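Biologist: I would like a close look at a single part of this structure, with its surroundings described residue by residue. Please take one helix and work outwards from there.

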Amino acid sequence: MATVSTTPAPVAARRGTTPLRRSQARTAWLLALPFLLLFAIFTIGPVLASLVMSFTDMRSTDLRTPFAVDPAGVSNYVDLFGDPLFRKVAVNTAIFVLVGVPLTMVLALAAAVGLNQITRVRSFFRLGYYLPVITSIVAVAVVWRFLLQPDTGPINQVLGLVGIDGPDWLGSTTLALPTLIVMTAWRNLGYLMVIFLAGLQTVPREMLEAAEVDGAGRWQRFRYVTVPVMRPTLLFGAVITSIGYLQFFEEPFVMTNGGPLDATRSMAMYVYDQFGFGNYGIASAASYVLFVAIAALTFVLFRALRSTD
Amino acid sequence: MKTTTRTLALLAAAALLVSACGRDEDGDADDAAQAESVAEGPAEGTIEVWAMGAEGENLDVLGAAFTEENPDATVEVTPVPWEGAHDKIATAIAAGETPDVSLIGTTWMGEFAKTGGLDPTPEDLVNPDDFFPGPWESTVVEDTSYGVPWYVETRALYYRTDLAEQAGLEPPTNWDELKSFAQGLQEQGGAQYGIYLQPGQQGAWQTFMPFAWQNGAQLTDGDQYAIDSPETVEALEFYTSFFEEGLSQNTPLDPGALEQGFVDGTIGSFISGPWHVGLVRDVGGPEIDDKFDVVPLPGKDSGVGTSFVGGGNLAVFDASDNRDAAWKFVQFASQPETQQLWYETINDLPSVQSAWEGGPLTDDPLVAVFGEQLQETEAPPAVPTWEQVAASIDSDIERAVRGQVEPTEAVANMQQQAESIGTGL
């Protein structure tokens, strides 16, 4: 295959020594300045401030004199891992990511492959899968809570028809988290499906045809042609889903408020609660632990799914 | 590699910055705050007031009445939604950009007073004895009062009179009767659940703690937590027995489900605040009026049992530009006549005892019950960390109700958690 090249210019010219290049660079910086300023004030600033805060004993009562707080070293981090609740929310979040991400990916890929085969009612189904993505979580929560009602909810009534005594989905400490995982997968698969659908269009038809001529079956074509070509798309999907799921917050917040007995409380909710309690030091430390987890998981995914050439 | 070095340098710089400005532990801030008195004469100038919810939307009524008495003063009201109000006030205090007066939720007093944003209540401004004792205590942080109770709310027992009649029951006057009352409403009255007690989740402590208080338990002793006591354990055993015996459902109800179940007759009784009178009437219409009643909580052995008291305080910020006028407005809001006017405006219950004698508050017998209950109340300690302690008590109540731990263990854990969280003072 031909490699695309956009820089035929010699190396010396690229260094930007000509007056024209220099003025272009200046304009570029000028145009980027408003963004850079906002980025520095509203992103870099708070990120650094919270990093510093995570090494202090700052509480909400210190707001007036934020520079008069005592350094706490790593004691916030030590306390964090000594807190049984934090360990519990870390485990909840890990389960959510380890089960939720593969589940969402598989469902989204299956939906995308299915929709790629049909042409007639594709846009109808695409809309159907995508609708949950753009629906407000609050509306979704109201409907799902109604569906999942233990006595009167449609889900348990249907189960009752076939003789199954439906459980209290959100009230049980063992079932609440899996229920939320399924709901979240349903809510997010439309977004991934659209991305995967676009990825599927990039799989060259001639490659699939060649494989078919060589005697590859449906599954083999999918496994050895489609998946390798879609690797970057899958990686992208896995990374954004993992980042999103590690910050799992909205679903438990509106559906269970972290209950029952913290069975659905996530790390992001823990951070939120600690900020609410005024424990800024602990809350900052917990957000940095979450940040490190996100960075580590992203790194692992890049390693695992990096194209092998 | 380069990134690592840069991060390390940054951390080192941060550590330096932090250690360079340690907190002054022996500062004047720890001494009991001195309250300055307020100048004589009518108030002048503009008084900026923040208030949340319905209070904020209707406060102009009091503002107009105040201006009538003080023609040179105007009250400028900014309604603030309850959601986010806490953070808005905290930010305002940090920035020194506060209004003159604000409504402060009773459980926030400890935190804001400790931050140093509130002006101590001037001596002689009001007489503490005029107020119900529980609400006044909620303004006192480390022996200094930082505001004046504005309105109050407390919890009493709602029950279906028709179901009680059917079961041949009188309202309970002690714990044993409360238990048999719930049983009767369920077995003879036909309710699915005889009573609804909050089985956990946010705010469960407000239903549970009254039982502990009725049994003589305390949350704090001086500046120490004293939750772990045989009295608290006995109260929690009594509380959980309602769930074990199937008298109350053991999963929290969704908002709106309580009043609906009560009107349907599936829930025979429940414990809640004055707002539920309106909610029950909204759901049940005029027919429900002669089918339910409210009585004070029963004591353990006899008499009126202790209940939870909450509400809102008015506080003046120390950054106020118009301090004297601000305190005069707070004083005005705590006059019995103003409190009655405020009750007529949005049904907020007066924090001043004399406002209950005669006037509009005697008109509605259900409201009068809350007046009776207010004589026997306790408020949570005014410490900055209270919300966090309360959250851990909620979760221990839930554990005990679900039978995951014995009440003894749950109460011991409440104490241990509270101690590790500390008072924040």
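Modeller: What follows starts at one helix of chain B and moves out through the elements around that helix. The model is predicted, and the description should be read with that in mind.

The helix is α9 of chain B, residues 204-214. Eleven of its eleven residues are buried, so α9(B) is largely enclosed by the rest of the structure. Going along the helix, the buried residues are B:A204, B:W205, B:Q206, B:T207, B:F208 and B:M209, followed by B:P210, B:F211, B:A212, B:W213 and B:Q214. Just after α9(B) comes B:G216, whose phi is positive, at about 85 degrees.

What covers these buried residues? The cover includes two helices of chain B, α10 (230-244) and α16. It also includes the strands β10 (269-272), β12 (307-316) and β14 (377-378) of chain B. I take α10(B) before the strands.

Two packed helices are described by the angle between their axes and the distance between the axes. For α9(B) and α10(B), the axes come within 8 Å and cross at roughly 125 degrees. That angle makes α9(B) oblique to α10(B), and the crossing is right-handed. On the α9(B) side the contact is made by B:F208, B:F211 and B:A212. These meet B:E231, B:T232, B:A235, B:F238 and B:Y239 of α10(B). Sorted by class, the contact of α9(B) with α10(B) has six nonpolar residues, one polar and one charged.

One residue in that contact can be followed further. B:Y239 is found in helix α10 of chain B. It counts as buried because 24 other C-beta atoms lie within 10 Å, and the cut-off for buried is 20 or more. Leaving aside neighbours within four places in sequence, B:Y239 is in contact with B:L197, B:F208 and B:F211. B:F208 and B:F211 belong to the α9(B) side of the helix contact described above. B:G203 is 36 residues from B:Y239 along the chain, and the C-alpha atoms of the two are separated by 15 Å.

α10(B) also packs against helix α17 of chain B, residues 407-421. Their axes come within 9 Å and cross at roughly 125 degrees. That makes α10(B) oblique to α17(B). The crossing of α10(B) and α17(B) is right-handed. α10(B) contributes B:T232, B:V233, B:L236, B:E237 and B:T240 to this contact, while α17(B) contributes B:P407, B:T408, B:A410 and B:V411. By class, the contact of α10(B) with α17(B) has five nonpolar, three polar and one charged residues. B:T232 appears both here and in the contact with α9(B).

Now the strands that cover α9(B). β10(B) belongs to an open sheet of three strands with the order β10-β7-β11 in chain B, paired antiparallel. β10(B) and β11(B) (292-295) stand at the edges with a single partner strand each, so one side of each is left without a neighbour in the sheet. Neighbouring strands of this sheet are turned by 25 degrees against each other on average, direction ignored. Four bridges join β7(B) to β10(B), with B:A156 standing opposite B:S272 in β10(B). On the other edge, β7(B) (residues 156-160) pairs with β11(B) over four bridges, and B:Y159 stands opposite B:D293. Within β10(B), B:S269 and B:I271 point one way and B:F270 and B:S272 the other way, and all are buried.

β12(B), also part of the cover of α9(B), pairs with β6(B) in the antiparallel sense over six bridges. Seven of the seven residues of β6(B) (148-154) are buried, so this strand is largely enclosed by the rest of the structure. B:V152 of β6(B) stands opposite B:G311 in β12(B). β6(B) is also joined by two bridges to β13(B) (residues 349-350), again running antiparallel. In β13(B), B:V152 has B:L349 as its bridge partner.

That leaves α16(B), which covers α9(B) and leads to the contact between the chains. That contact takes 30 residues from chain B and 24 residues from chain A. On the chain B side, α1 (2-19), α4 (85-95), α5 (109-115) and α16 (386-401) each supply at least two residues. The chain B residues of this contact divide into nine nonpolar, twelve polar and nine charged.

Technical notes:
Residues numbered from 1 in each chain as written. Chains lettered and ligands numbered in written order. Predicted model: local features only at pLDDT ≥ 70, side-chain atom pairs only at ≥ 80, totals over all residues. Contact = placed C-beta atoms within 7 Å. Nonpolar A, V, L, I, M, F, W, Y, C, P; charged D, E, K, R; others polar. Buried ≥ 20, exposed ≤ 12 C-beta atoms within 10 Å, placed from the backbone. Axes fitted to C-alpha atoms, helices over the stretch in contact; angles between N-to-C directions. Parallel < 35°, antiparallel > 145°, perpendicular 65-115°, else oblique. Left-handed = near helix turned anticlockwise from the far one by under 90°. Pairing = 2+ DSSP bridges.
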